[in-house]
Amino acid sequence: MDTLKDKDWDSLLRRIQDGNCTPFLGAGACAGFIPLGSEIAQEWARSYGYPLTDCWDLARVAQFLAVKRDPMFPKDEIVNRFRTVVPPDFNAPDEPHGVLADLPLPIYITTNYDDFMIRALRSRHRNPSRELCRWNSLIRDRPSIFDPGSGIEVSVANPVVFHLHGYTEVPESLVLTEDDYLDFLVRISREPQIIPSRIVKALAGTSLLFIGYRLADWDFRVLFRGLIGSLERSLGRIRVAVQLAPEPPETGGITREQVQQYLEDYLARDDVRVYWGKATDFARELRARWEAFRSGTTVSYTHLRAHETPEHLVCRL
């Protein structure tokens with residue numbers, strides 16, 4: 001299966017060169033450094049006696065804790081967990097944040113709660129600002145870098161990392177429970193102005209690059225059906241989603257290729273090309289292709305894939 005072709009790569013690289021690309025970072029971009037949501041959910045389910053069978057679903061288990069304790073309890077638990085997180089080596093050739101920080105882009109969007117993208121940009125001697133979506137009344141009145149008179153002009157040298165679902169330094173900003181996700185969707189549908197116009201312009205007018213998501217993730221579904229689906233199509237610009245290969249059902253004779261084809265067809269409705277593989281696989285290839293594009297040389301993809309195995313990269317490019 002060959003869904004991200006050389007012409008797609010060429011279009012993406014040209015948009016990156018022109019600053020017309022906006023990366024979205026999901027949990028898979030932090031794999032190995034921050035516990036997966038399913039791992040945290042199962043730990044909480046065991047510790048607090050979650051009574052249902054979907055103990056891997058973080059939003060649902062967090063909702064249980066919010067009901068059993070109070071709405072801030074699961075958010076405070078996440079904040080405490082993140083205090084001991086050690087960041088990755090941003091100079092590693094396949095580290096997603098470091099690879100993205102090397103690109104001449106003015107805006108980065110994340111649904112993660114960590115500060116890895118900010119750290120990566122600073123490691124490249126850039127001067128990033130951090131901003132969040134004011135989706136609830138507890139954070140609505142916080143000063144914004146997009147306020148008139150802030151003195152901050154967004155540029156490649158001074159990029160913005162926009163936290164769509166909040167970050168740990170402001171626990172009230174976290175979109176975590178099922179109620180949070182529903183409230184977030186309702187708020188942005190009724191009050192679209194809570195997404196700053198500069199961010200809306202990036203969503204509607206640039207190529208979108210989703211790294212570290214699964215189609216089944218709440219984050220990804222909220223992004224596509226709730227936020228991006230409500231905007232105009234991005235003028236025909238390519239969108240790329242980096243997806244881990246799905247596992248086929250245990251019964252019914254369904255193959256992995258059939259599952260992937262369905263998911264590709266589903267995303268194609270929104271003009272999305274799919275790269276099947278880990279975030280680190282994509283980051284390694286993006287770095288090599290970007291360096292070759294800038295220098296006008298041809299890169300050998302045989303060398304790039306020397307360490308790949310079929311389960312790491314199902315769709316060859």
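Q: Buried means under 20% relative accessible area, exposed over 50% and partly exposed in between (1.4 Å probe, protein chains only); why does Arg134 count as buried?
A: The relative accessibility of Arg134 is 12%, and therefore Arg134 counts as buried, the limit being under 20%. This is a predicted model, in which local features need pLDDT of at least 70 and side-chain atom pairs pLDDT 80 or more, while totals for chains, interfaces and linings use all residues. Residues are numbered from 1 along each chain as its sequence is written, and side-chain values use heavy atoms, without hydrogens and water.

Q: What makes the approach of the Arg134 side chain to Leu132 a polar contact?
A: A polar contact is a pair of N or O atoms within 3.5 Å, where one must be able to donate a hydrogen and the other to accept it, and residues adjacent in sequence count only if both atoms are side-chain atoms. The side chain of Arg134 reaches the backbone oxygen of Leu132 at 2.8 Å, and that of Arg142 at 3.0 Å. Arg134 itself sits in the loop between β3 (129-132) and β4.

Q: Which residues does Trp44 touch, leaving out those up to four places away in sequence?
A: With contact taken as heavy atoms within 4.5 Å, Trp44 touches Gly49, Leu58, Val61, Ala62, Leu65, Pro74, Glu77, Ile78 and Leu176. Trp44 is also one of the residues with the most contacts inside the largest nonpolar core, which has 51 residues. Such a core is a set of buried Ala, Val, Leu, Ile, Met, Phe, Trp, Tyr and Cys residues joined through side-chain atoms within 4.5 Å.

Q: What covers the buried residues of α4?
A: The cover includes α2 (37-48), α3 and α7. The buried residues of helix α4 (residues 73-82) are Phe73, Pro74, Lys75, Ile78, Val79 and Phe82.

Q: What makes a set of grid points a cavity, and how many of 30 Å³ or more does the structure hold?
A: On a 1 Å grid over the protein atoms alone, a cavity is a set of points where a 1.4 Å probe fits but cannot get out, and lining residues have an atom within 4 Å of a point. The structure holds one cavity of 30 Å³ or more; the largest cavity has a volume of about 60 Å³. Its lining includes His97, Asp114, Asp115 and His163. Helix α6 gives the most to this lining, with three residues. By class, the lining of the largest cavity has five nonpolar, four polar and two charged residues.

Methods: 1 Å grid on protein atoms, 1.4 Å probe; cavity = no way out; pocket = protein on both sides within 12 Å on 5 of 7 lines; lining within 4 Å. Points joined across faces, edges and corners; volume = space filled by probe spheres on them. Helix = DSSP H or I, 4+ residues; strand = E, 2+ residues; numbered from the N terminus. Nonpolar A, V, L, I, M, F, W, Y, C, P; charged D, E, K, R; others polar.
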